[in-house]
Amino acid sequence: MVKFDIIGALKTYADANNMKFLSGSAWFQNYESDVESYDNGELVLGCDFNCQPTYSRGQVQSIRYSGVLMLGRKFEELGGSGSNVDETFYQKYVLRLQELTTELDILIREFICANELEVLSCTIANDLNKFDTNIDFVAATITFEQ
C-alpha cells in the first residue's frame, strides 16, 4: 500500500470483491448511499480514517491509521432474511449481524495481509439502520499501522 493511501487501498479491495464503497464522514457516506442503487444482499464497505505519521530525520518511519471500517448488507426481502421494521435486535443478529461480523473479520485479515499492515486495536460494534438507506452495518473502530 502506498503511504497515506488507506482509502484508495480500501476502495481497491471493495471493487475487487464486488462491494459498494462509501468513504469520508457520515455526511459524505449518507450522500453517497443515497445516490447509489443497491441490489438485495449486496455488501457495502464504508470507511473514515485519520492518519498519524511518525517522522524521524526527515523520513516517515510509520503511519497509524485510526478510524472506522464498516461492513453492511442491503436487505429488503431476500429469501426470508429481509429486514423488517418489527424485527427484534436478536432477529437482526441471527439474520445478518452475526454473518457480517464474520465477514468483517475476514476482510480485516485479508486487508492487513495484502497491505503489510498491523492492527494495533479493534473494537467491533453493531451500527443499525445507518444512513437514509437503513442499512445494518457492523463497524470496527480500528487502528492500523504501516
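Rings of Phe, Tyr and Trp count as a pair if their centres lie within 6.5 Å, with the six-membered ring used for Trp. By this rule, the predicted model shown here has 7 aromatic pairs.

**View 1. A stacked pair of rings, Trp 27 and Tyr 31.** A pair of aromatic rings is described by the distance of the centres and the angle of the planes. For Trp 27 and Tyr 31, the centres are 6.0 Å apart and the planes differ by 5°, a stacked arrangement. Planes under 30 degrees apart count as stacked. Both residues belong to helix α2, which covers residues 26-35, and because they are 4 residues apart, about one helical turn separates them. Are these two residues buried or exposed? Trp 27 counts as exposed because its relative accessibility is 59%, and Tyr 31 counts as partly exposed at 49%.

**View 2. A cluster of aromatic rings.** Which residues are linked into a cluster by ring pairs? They are Tyr 13, Phe 49, Phe 111 and Phe 144. Phe 49 carries a number within the range of strand β2, residues 43-56, and Phe 144 one within strand β5, residues 135-145.

**View 3. Val 44, a buried residue in strand β2.** Let us look at Val 44, which is found in strand β2 (residues 43-56). Its relative accessible area is 0%, so Val 44 is buried. What does Val 44 touch, not counting residues up to four places away in sequence? Its partners are Lys 20, Leu 22, Tyr 38, Met 70, Leu 71, Gly 72, Ile 135 and Phe 137. Asn 18 is 26 residues away from Val 44 along the chain, and their C-alpha atoms are separated by 9.0 Å.

**View 4. Ile 124, a partly exposed residue in strand β4.** Strand β4, made of residues 118-130, is the place of Ile 124. With a relative accessible area of 36%, Ile 124 is partly exposed. Leaving aside neighbours within four places in sequence, Ile 124 is in contact with Thr 101, Leu 104, Val 138, Ala 139 and Ala 140. Thr 102 is 22 residues from Ile 124 in sequence, and the distance from C-alpha to C-alpha is 11 Å.

**View 5. Thr 143, a buried residue in strand β5.** Here we meet Thr 143, placed in strand β5 (residues 135-145). Thr 143 counts as buried because its relative accessibility is 14%, and the buried class covers values under 20%. Apart from residues up to four places away in sequence, Thr 143 touches Arg 64, Tyr 65, Ser 66, Glu 118, Val 119, Leu 120 and Ser 121.

**View 6. Stepping back to the protein chain.** Here is the setting for the close-ups. The protein chain has 3 helices and 5 strands, and along the sequence they follow the pattern α-β-α-β-β-α-β-β. Its radius of gyration is 16 Å, which agrees with the value near 15 Å for a compact globule of 146 residues. Along the principal axes, the C-alpha atoms fill a box of roughly 60 × 30 × 25 Å. How much of the chain counts as buried? The share is 41% of the 146 residues. Among contacts with a separation of 6 or more, 62% come from residues 24 or more positions apart. The accessible surface comes to about 8200 Å², and carbon and sulfur atoms hold 48% of that surface. Finally, the chain has 11 positive and 22 negative charges, and the mean positions of these two groups are 6 Å apart.

How values were computed. Residues numbered from 1 in each chain as written. Predicted model: local features only at pLDDT ≥ 70, side-chain atom pairs only at ≥ 80, totals over all residues. Heavy atoms only, no water. Helix = DSSP H or I, 4+ residues; strand = E, 2+ residues; numbered from the N terminus. Rg over C-alpha atoms; globule rule 2.2 N^0.38 Å. Buried < 20%, exposed > 50% of the residue type's maximum accessible area, 1.4 Å probe, protein only. Contact = heavy atoms within 4.5 Å. Areas by Shrake-Rupley, 256 points an atom, 1.4 Å probe, with all protein chains shown as cover. Lys, Arg positive; Asp, Glu negative; His and termini not counted. Charge placed at Lys NZ, Arg CZ, Asp CG, Glu CD. Phe/Tyr/Trp six-rings, centres within 6.5 Å; stacked < 30°, edge-to-face > 60°.
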